[in-house]
Amino acid sequence: MDVQLTSADRVLFPDDGITKGALFSYYERIAPVVVPHLRDRPFTLKRYPHGITGEVYFQKQVPRGAPAWLQTREFTTHPRDGGARQVDFALVNSPEALLWMVQMNCIDLNAWYSRVDRPDRPDYVVFDLDPPEEPDGFGLAIEVAHRVRELLDEVGLPGYVKTSGADGIHVLAPVQRRAGYDDTYAFAETAARLLERRHPGVVTTEWLKKKRAGVLLDHRQNGWGKTIASVYSVRPKPGAPVSTPLRWEELTAGVRPRDFTMAVALERVEGDGDLFAPVLEAARPLGEAMRRLRRLVE
């Protein structure tokens, strides 16, 4: 199942000279820790055939000519223009499948929160923090991430943090697969609105940018078929930053997403292992956490 890389010298990050071959090498080395986070999750290809400054397109259907060994699973999707469509999603269940995605000019990795055996049961609640466009917007997002952690501690649901690799922060709270997407959405929305009430002007749930004041805590990311960039995913931003897991004590005021390059991510994994492993191993019941959260709201 060897993956043949073509156009290895194609420059994907023009300001940095980072090539497709360099991206392939990074994912080859990071595969042992990233594949477990992608395994059995329907995968959407986000393809950059002309690099990060060129046209990008999303592809849910496995492309023609995919290798016979690439595992797939069919699901019904509902496009925005209406109707229903049967789609064969790729599953990134091996290092070879991961490298084939790079060969298909994927830079970042986007997969569902649920797995194919129980597609209606997510593995975690997602808190997506989108900082305001101001000089220290990311610093404010760091503050809000810690407020999210404190609230999760109050309700007995541990949270794990990573840079998004782009401009924001992701906090994931692993839950047992007894809850559905409606449940995780309701939990995230209730938590976000409580934090908005506790920290006005710092936390907001307002979708329209012109009406926002503070960091958007986006509960809408918790839905069937939604994706966020996976942990250890390279992002299509200058410098090729990586979505990198952190210890909470590392998330201090001076941290910035661009600090975490491919080389830094590999060095951290070599020294610390996978700091996001508990997301796959430490699921807690959502029901009790929701009951505690509602008591805080009352």
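This report walks through a predicted model, from its sheet to its helices and cores.

Local features need pLDDT of at least 70, side-chain atom pairs count only at pLDDT 80 or more, and totals for chains, interfaces and linings use all residues. Residues are numbered from 1 along each chain as its sequence is written, and side-chain values use heavy atoms, with hydrogens and water left out.

**The sheet**

Helices (H or I, at least four residues) and strands (E, at least two) are DSSP runs, numbered from the N terminus. Two strands pair if DSSP finds at least two bridges between them. Six-stranded and open, one sheet runs in the order E11-E12-E8-E10-E9-E14, with mixed pairing. Its edges are strand E11 (203-204) and strand E14 (245-246), each pairing on one side only.

Three of the pairings are set out here.

| Strands | Bridges | Direction |
|---|---|---|
| E11 and E12 (residues 215-218) | 2 bridges | parallel |
| E8 and E10 | 6 bridges | antiparallel |
| E9 (residues 160-163) and E10 | 4 bridges | antiparallel |

Leu172 in E10 is the bridge partner of Val126. Tyr160 also stands opposite Leu172. At the other pairing, Thr204 has Leu216 in E12 as its bridge partner. The hairpin of E9 and E10 has 5 residues between the strands, and Gly165 there takes a positive phi near 90°.

Strand E10 (residues 169-174) is mostly covered, with 6 of its 6 residues buried. Buried means under 20% relative accessible area, exposed over 50%, and partly exposed in between (1.4 Å probe, protein chains only). Ile169, Val171 and Ala173 point one way from E10, while His170, Leu172 and Pro174 point the other way.

Pro245 sits in edge strand E14. Its relative accessible area is 2%, so Pro245 is buried. Contact means heavy atoms within 4.5 Å. Leaving out residues up to four places away in sequence, Pro245 touches Val161, Lys162, Val231, Tyr232, Arg268, Leu275 and Phe276. The C-alpha atoms of Pro245 and Ala265 are separated by 8.9 Å, with their positions 20 residues apart along the chain counted as their separation.

**Helices against the fold**

Met262, Ala265, Leu266, Arg268 and Val269 are the buried residues of H5. Seen down the helix axis, they fall within an arc of 160°, so they line one face of H5. The arc is that of the directions from the helix axis to the C-beta atoms. Facing away from that buried side are the exposed residues Ala263, Glu267, Glu270 and Gly271. Strand E2 (18-19), H1 and E14 are among the elements covering the buried residues of H5. Just after H5, Gly273 takes a positive phi of about 75°.

In H7, the buried residues are Leu286, Ala289, Met290 and Leu293. Down the axis of H7 they fall within an arc of 100°, so they line one face of the helix. Their cover includes strand E8 (124-130), helix H3 (137-155) and helix H4 (181-198).

**Two cores**

A nonpolar core is a set of buried Ala, Val, Leu, Ile, Met, Phe, Trp, Tyr and Cys residues joined through side-chain atoms within 4.5 Å. The largest has 50 residues, of which Tyr26, Tyr27, Ile30, Leu98 and Val234 touch the most other members. Elements that each supply at least two residues include strand E1 (11-13), helix H2 (95-103) and helix H5 (262-272). H1 gives the most, with 10 residues. A second, separate core of 39 residues includes Val125, Ala173, Val175 and Phe187.
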